[in-house]
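Please open the model in a viewer and keep the selection panel at hand. The tour below proceeds stop by stop, stating what to select and what is found there.

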Amino acid sequence: MFGTKKDQSGYQLSSSLDSIVLHFVFSVAWHPNNILLATTSTDGKCRVFSTFIKGVDTRESKTSSSSDPKFGEQIVQLDLSSSWAFGVNWSPSGNTLAYVGHNSMIYFVDDVGPSPLAQNVAFRYLPLRDVLFFSEKLVIGVGFDCNPMVFAADKSGLWIFIRFLGERKESSSGPKSGSQFSEAFGKFYGQSRQGLSNDTVEPSKIQGAAHDNCINCIELLKQNSKTKTKRFSTSGMDGKVVIWDLENQQDLMEYL
């Protein structure tokens, strides 16, 4: 017969393996002030913790989210996602937090603290795995569609999906029933859809895409501190590392 007991901290333990539920942290992101740490995990939550160390960090570096934060104290828990939460990132100023979920949604949170302001942006493509701020108004997400996705905020602060960074070509002939599901299933498992003899599956193809499997990491490439960063790298499950440059993306310059 299985029972429960408590350890020294009062945390309830179970001797039944079937009743143990573990939630894994997928991503962490430091706030620009190096005092706050955001995490996402498989329970669908995004949590922000204080890492303020008395005698090491200055009080000027603290945010207004807590009057007297202590090391390890949870500042806020965001329950916006109904599925696994993946990548998380802060804006350059630290005023906005963005994270992505496995339900094909991206979440933007302003005024992180007791009363945060949140926006949920849903899109009709495959889920994202990581997210990166380029400016206060421009975010790029990467994931199972194998092509970076661009999100931007308008003058009112409303975030919307702009486009894929690479070119995208839709199917020339209308696919029969079930084609869209088959294409999505194939992308998740890295299956190549080219050369199939089954004429019932005619998925759309990404023209000129640099990756052919899920992109799971995106990083800024630092340049001269006097100029804005316009280059970044992506790496994916296809074993590739790709360098991207926004220099010639004229329609995005207004957001940089």
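**First stop: a cysteine in a loop**

Begin by selecting C146, which is placed in the loop between β12 (138–143) and β13 (149–153). The model is a predicted one. C146 has a relative accessible area of 8%, under the 20% limit, and therefore counts as buried. Next, add N213 to the selection: its C-alpha atom is 5.5 Å from that of C146, although the two positions lie 67 residues apart along the chain.

**Second stop: the largest pocket**

Now select N89, L132, F133, L220 and K222; of the 24 residues that line the largest pocket, these lie nearest its centre. The elements contributing two or more residues to this lining are β3 (25–30), β7 (85–90), β11 (128–133) and β15 (215–220). The volume of the pocket is about 560 Å³.

Colouring the lining by residue class gives 14 nonpolar, six polar and four charged residues. Colouring by domain is also instructive: domain 1 (1–10 + 22–54 + 68–122) and domain 2 (127–166 + 209–255) each supply at least three residues to the lining.

**Third stop: aromatic pairs**

The structure contains 12 aromatic pairs. Select F26 and W84 as one of them: the ring centres are 5.6 Å apart and the planes meet at 45°, so this pair is classed as tilted. Because F26 belongs to strand β3 and W84 to the loop between β6 (74–78) and β7, the pair ties together parts that are 58 residues apart in sequence. Are these two residues buried or partly exposed? F26 is partly exposed, at 33% relative accessibility, and W84 is likewise partly exposed, with a relative accessible area of 44%.

Move next to Y125 and F164, an edge-to-face pair with 4.8 Å from centre to centre and 80° between the planes. Y125 sits in the loop between β10 (117–122) and β11, and F164 in strand β14 (residues 159–164), so that distant parts of the chain, 39 residues apart, are linked. Y125 and F164 are both buried. To view their surroundings, extend the selection to F123, F151 and F161, which ring pairs link with Y125 and F164 into a cluster.

**Last stop: a charge over a ring**

Finally, select R129 together with F86. R129 lies over the face of the F86 ring, 4.7 Å from the ring centre.

Note on methods
Residues numbered from 1 in each chain as written. Predicted model: local features only at pLDDT ≥ 70, side-chain atom pairs only at ≥ 80, totals over all residues. Heavy atoms only, no water. 1 Å grid on protein atoms, 1.4 Å probe; cavity = no way out; pocket = protein on both sides within 12 Å on 5 of 7 lines; lining within 4 Å. Points joined across faces, edges and corners; volume = space filled by probe spheres on them. Helix = DSSP H or I, 4+ residues; strand = E, 2+ residues; numbered from the N terminus. Nonpolar A, V, L, I, M, F, W, Y, C, P; charged D, E, K, R; others polar. Domains from an automatic or database assignment. Phe/Tyr/Trp six-rings, centres within 6.5 Å; stacked < 30°, edge-to-face > 60°. Buried < 20%, exposed > 50% of the residue type's maximum accessible area, 1.4 Å probe, protein only. Lys NZ or Arg CZ within 6 Å of the ring centre and 35° of its normal.
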